[in-house]
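Work through these exercises with the sequence and the model open side by side. Try each task before reading its solution.

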There are 2 protein chains.
Amino acid sequence: FLQHGWVMGSPASTYICFHFVNAFPLILLDLLPAKNGEEATMQFLLELVDILTNYVRKSFDRSTKVLDFHHPHQLLEGMEGFNLELSDQPESLEQILVDCRDTLKYGVRTGHPRFFNQLSTGLDIIGLAGEWLTSTANTNMFTYEIAPVFVLMEQLTLKKMREIIGWPPGEGDGIFSPGGAISNMYSVMIARYKYFPEVKTKGMSAAPRLVLFTSEHSHYSIKKAGAALGFGSENVVLLSTDERGRVIPADLEAKILDVKQKGYHPLFVNATAGSTVYGAFDPINEIADICEKYNMWLHVDGAWGGGLLMSRKHRHKFSGVERANSVTWNPHKMMGVPLQCSAILVREKGILAGCNSMCAGYLFQPDKQYDVSYDTGDKAIQCGRHVDIFKFWLMWKAKGTIGFEQHIDKCLDLSQYLYDKIRNREGYEMVFDGVPQHTNVCFWYIPPSLRGMEHNSKEYREKLHKVAPNIKAMMMESGTTMVGYQPQGQKVNFFRMVISNPAALQSDIDFLIDEIERLGRDL
Amino acid sequence: FLQHGWVMGSPASTYICFHFVNAFPLILLDLLPAKNGEEATMQFLLELVDILTNYVRKSFDRSTKVLDFHHPHQLLEGMEGFNLELSDQPESLEQILVDCRDTLKYGVRTGHPRFFNQLSTGLDIIGLAGEWLTSTANTNMFTYEIAPVFVLMEQLTLKKMREIIGWPPGEGDGIFSPGGAISNMYSVMIARYKYFPEVKTKGMSAAPRLVLFTSEHSHYSIKKAGAALGFGSENVVLLSTDERGRVIPADLEAKILDVKQKGYHPLFVNATAGSTVYGAFDPINEIADICEKYNMWLHVDGAWGGGLLMSRKHRHKFSGVERANSVTWNPHKMMGVPLQCSAILVREKGILAGCNSMCAGYLFQPDKQYDVSYDTGDKAIQCGRHVDIFKFWLMWKAKGTIGFEQHIDKCLDLSQYLYDKIRNREGYEMVFDGVPQHTNVCFWYIPPSLRGMEHNSKEYREKLHKVAPNIKAMMMESGTTMVGYQPQGQKVNFFRMVISNPAALQSDIDFLIDEIERLGRDL
């Protein structure tokens with residue numbers, strides 16, 4: 001006899017998982033599709049779920065560490081029975097479960113309320129449920145034939161996102177792609193196809209020298225797209241910004257004129273809505289005016305900022321976005337959808353398919369019994385495409401549009417709390433003045449030993465440059481919290497605090513500041 | 001009081017899920033990170049797991065249909081309480097669970113033993129467990145900092161795959177990418193960077209007109225890469241094949257000479273190892289000789305065939321693969337890893353990073369406390385990258401190399417069984433002669449009404465062209481099994497049977513043939 005279950009006592013938070021020890025060892029060949037493999041399969045999956053739900057509970061528990069740091073060589077040498085090497089012979093299922101537990105143990109709890117290290121943080125339970133279902137369904141987005149429900153969910157969700165952007169109803173297109181960098185790459189490809197469709201068949205030699213424009217503060221994926229797609233990274237012109245990291249429109253126009261004078265063709269402008277480091281929003285309307293004047297494609301990279309479109313309070317930062325030709329928007333960042341979930345949205349219908357279709361006969365048969373306009377695969381640069389939509393659709397169902405709005409507003413309030421807390425606090429210096437536009441709060445912590453020094457001296461700059469990396473290293477060693485740092489232009493290393501984690505509270509912000517001071521005061 | 005659990009009676013396969021009805025309705029705000037949200041979270045997740053495990057059990061049950069087909073307009077109009085539209089207001093968690101159940105109900109059971117529709121079929125329980133864990137960990141592959149264990153697993157697994165290819169130990173590189181099309185795109189980018197590194201900065205105008213070669217039977221992603229990366233699809237030259245779909249080396253050489261005579265530069269040859277429709281393996285050694293002679297990059301697209309490298313019996317079909325400069329290999333196809341899992345492997349170390357790096361300061365800080373050579377993100381064209389490695393690593397642990405070998409050999413044996421069964425059977429005609437090289441068995445079913453007709457007549461061809469789509473439509477309506485069809489060149493629609501599903505048995509092959517005859521006999 002085999003028995004397995006959870007008993008939950010309410011209201012206590014103790015969960016007892018019981019199973020008879022003699023149930024193991026099971027081996028792989030006991031599992032489905034083995035004959036009579038149901039029971040072993042259920043047992044194995046429930047054991048795993050026990051490990052996973054324990055991990056989830058602990059991830060939200062502030063007494064648990066964010067990470068248990070080890071160096072690569074330590075993990076490679078093997079940790080107490082956790083051996084990463086692959087072998088010819090199978091392991092027992094018992095060992096597989098141990099491997100699962102250890103994988104989580106030595107990882108980073110990105111859902112922890114004190115994990116602030118990336119733009120994507122938090123662990124949304126509905127989103128998690130969506131991912132578990134997605135992997136159980138294990139299908140592919142290329143045709144309606146094998147993903148009918150997911151294909152329709154994607155279509156409806158993209159339509160809703162375009163409405164929120166403010167494009168005319170009934171128009172437009174889009175697709176979910178594997179991340180913001182690929183979404184941005186799509187935008188460049190589509191822009192090129194719009195103005196020089198013959199490049200698709202004849203290559204870049206069929207067009208004049210094409211130039212892309214994006215700000216110094218924009219994401220590196222625009223430059224990467226320029227390199228990959230055959231423009232060359234030197235033909236990606238970086239625009240100057242104001243002290244807050246926002247594009248200066250006059251600089252854009254001057255650089256367009258300069259490029260035209262050289263005989264090159266200005267093709268594309270990327271306006272960033274929520275830059276990676278400063279959280280800056282470029283002035284879309286003024287950029288759109290210039291794009292119209294010079295007949296250029298306007299892309300808005302809202303990978304990070306996109307979520308603010310859901311907030312009546314904050315969407316004014318996107319003013320003019322409805323004039324864009326394409327928009328990148330990553331629900332996996334500010335909206336807390338599990339990784340990954342990124343949309344490229346396009347105002348003009350048909351152009352995405354025109355740009356990418358190759359009409360593979362084995363996949364996109366025109367003589368199917370259903371309306372094959374729902375076979376979306378040929379719009380993509382991918383063939384197989386992971387189902388990234390379901391978790392997002394399910395979260396939208398569970399939260400409603402207003403739930404996303406509340407989450408966004410709460411995160412921005414929290415970042416305002418942090419800003420108010422440190423802007424006049426001893427030992428802190430803000431990287432730029434004024435209330436941040438997004439949740440990015442950029443600051444230097446100045447240890448007591450540096451506080452009297454001349455700010456412009458080489459020694460001060462060199463010492464300050466090392467403060468954030470030192471604190472970060474100690475933070476990771478002690479495993480209490482995580483926050484990012486980087487230099488930017490001439491500015492030495494500073495902390496970039498970002499808040500997208502729905503679990504974070506004011507007390508977690510307080511904890512972060514205390515921790516920075518505890519670890520940094522003797523530097 | 002709240003109680004929830006499974007009681008499993010052994011050996012009977014009945015599972016009883018019990019919970020007090022008054023436990024619901026819970027709402028979203030009861031879940032973590034809500035204060036005291038643990039219990040509601042556990043309850044919700046366990047309810048979901050109950051839905052998922054039921055789905056898993058039924059997917060392996062031959063008395064369950066493969067799909068319950070509905071047309072797009074039917075699903076869009078809403079099915080008995082299943083409404084795909086998104087709204088401003090939240091739904092109850094009870095409705096969310098109903099949505100989950102309905103999403104699975106109207107989907108396609110790709111793990112069903114009689115689902116043969118794609119190259120990726122089956123539902124591996126260990127792989128599924130790996131995906132559930134991956135989504136619970138919810139992290140990103142770009143740095144060791146936030147994915148220490150996964151980054152090392154990827155490194156070790158790629159090393160093992162390169163060893164299996166047969167490249168010199170200690171050399172080489174690679175990365176997991178979102179599917180075979182992107183992996184193939186990487187190979188073209190790297191080849192261009194190897195021979196014309198200045199294209200990265202200066203664009204395609206810095207190089208002569210570059211030409212790519214790939215067979216008529218190869219995957220359309222090479223052409224898509226040519227279009228996307230600025231070569232132009234007309235500069236992707238298609239090679240003729242023999243009647244089995246294998247590249248004719250003399251045709252390659254003739255076309256290279258032709259291109260050179262025109263003053264263009266032959267850059268890259270793609271040899272397909274396991275073509276999509278015929279399962280053909282191009283002769284790698286002969287192609288490698290030509291690539292050496294003309295100093296060209298040799299890529300092997302083993303997206304579909306790659307699994308055969310694990311089989312001592314079948315890997316001879318890859319003879320010469322160790323001479324390739326790069327290889328695409330999708331464990332999510334023949335090896336049964338859940339979607340998606342695709343590797344691009346490169347023989348030369350450093351070139352992947354050279355080609356793609358942009359050194360973003362905010363992500364890849366050089367002054368971290370650990371060995372930053374483990375930060376792999378800058379090698380990718382993506383920024384954020386989904387963790388595709390863990391499910392594969394876990395399956396490898398659980399099966400061992402020999403487990404993959406057994407799976408591959410079994411699938412090829414099954415396809416041989418199908419081939420032997422139908423090649424002389426009345427009413428069948430093979431699309432090409434001889435034992436297939438992979439599990440692809442391509443055939444026409446000729447309904448009795450067509451059997452006496454002149455094969456070369458227009459009427460016969462037109463009628464036969466409609467047979468496979470008609471049978472497929474009826475198959476989907478009845479939901480009993482699924483198999484793909486397509487035309488190829490001058491050949492009218494035929495069935496392409498592929499076997500990668502570990503659940504498939506000889507009786508399922510018999511069932512498929514019976515079903516084709518049942519549905520097709522009156523056409």
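This is a predicted model.

**Exercise 1. How are α4(A) and α3(B) oriented relative to each other, roughly parallel or roughly antiparallel?**

Solution.
- α4(A) and α3(B) are roughly parallel to each other, because angles under 35 degrees count as such.
- The angle here is small enough: the axes of α4 (residues 125-137) of chain A and α3 (residues 93-105) of chain B cross at roughly 15°. These axes come within 11 Å.
- Next, the handedness: α4(A) passes α3(B) in a right-handed crossing.
- Now the side chains. From α4(A) come A:Ile126, A:Leu133 and A:Ala137. They meet B:Leu93, B:Ile96, B:Cys100, B:Thr103 and B:Leu104 of α3(B).
- Sort the residues of this contact of α4(A) with α3(B): seven are nonpolar, one is polar and none is charged.

**Exercise 2. Turn to α3(A) and α4(B). Which residues make their contact?**

Solution.
- Start with the geometry. Helix α3 (residues 93-105) of chain A packs against helix α4 (residues 125-137) of chain B at about 15°. Their axes are 11 Å apart.
- α3(A) and α4(B) are therefore roughly parallel to each other.
- The crossing of α3(A) past α4(B) is right-handed.
- α3(A) supplies A:Leu93, A:Ile96, A:Cys100, A:Thr103 and A:Leu104. α4(B) supplies B:Ile126, B:Leu133 and B:Ala137.
- The contact of α3(A) with α4(B) counts seven nonpolar residues, one polar and no charged.

**Exercise 3. Trace the five-stranded open sheet of chain A. In what order do its strands run?**

Solution.
- The order is β3-β13-β14-β12-β11 in chain A, with mixed pairing.
- Look at the ends. β3 (115-116) and β11 (428-430) of chain A each have a single partner strand, so one side of each is left without a neighbour in the sheet.
- Move inward to one pair. Strands β12 (residues 441-445) and β14 (residues 491-497) of chain A run antiparallel and are joined by three bridges.
- Pick a residue: A:Val441 has A:Met497 in β14(A) as its bridge partner.
- Add the helices. α12 (residues 389-422) of chain A lies across β11, β12 and β14 of chain A, at about 30° to β12(A).
- α13 (residues 458-478) of chain A lies across β11, β12, β13 (482-488) and β14 of chain A. Its direction makes about 155° with β13(A).

**Exercise 4. Which strands form the edges of the seven-stranded open sheet in chain B?**

Solution.
- Write out the order: β4-β10-β9-β8-β7-β5-β6 in chain B, with mixed pairing.
- The edges are β4 (173-177) and β6 (236-239) of chain B, each pairing on one side only.
- Check the twist. Neighbouring strands of this sheet are turned by 20° against each other on average, direction ignored.
- Take one pair. Strands β8 (residues 297-302) and β9 (residues 326-329) of chain B are parallel, with four bridges. B:Val300 has B:Val327 in β9(B) as its bridge partner.
- Place the helices. α5 (residues 148-165) of chain B lies across β4, β9 and β10 (342-346) of chain B, at about 115° to β4(B).
- α8 (residues 221-228) of chain B touches β5 (210-215), β6 and β7 (265-272) of chain B. The direction of α8(B) makes about 165° with that of β6(B).

**Exercise 5. How far apart are the C-alpha centres of domain 1 and domain 2 of chain A?**

Solution.
- Set the bounds: domain 1 of chain A covers 4-109 and domain 2 covers 139-388.
- The C-alpha centres of these domains of chain A lie 41 Å apart.

Conventions:
Residues are numbered from 1 along each chain as its sequence is written. Chains are lettered from A and ligands numbered from 1 in the order in which they are written. This is a predicted model: local features need pLDDT of at least 70, side-chain atom pairs count only at pLDDT 80 or more; totals for chains, interfaces and linings use all residues. Side-chain values use heavy atoms; hydrogens and water are left out. Two strands pair if DSSP finds at least two bridges between them. Helices (H or I, at least four residues) and strands (E, at least two) are DSSP runs, numbered from the N terminus. Contact means heavy atoms within 4.5 Å. Axes are lines fitted to C-alpha atoms, for helices over the stretch in contact, and angles run from 0 to 180 degrees between N-to-C directions. Angles under 35 degrees count as roughly parallel, over 145 as roughly antiparallel, 65 to 115 as roughly perpendicular and the rest as oblique. A crossing is left-handed if the near helix is turned anticlockwise from the far one by less than a right angle, and right-handed if clockwise. Ala, Val, Leu, Ile, Met, Phe, Trp, Tyr, Cys and Pro count as nonpolar, Asp, Glu, Lys and Arg as charged, and the others, Gly among them, as polar. Domain bounds come from an automatic or database domain assignment.
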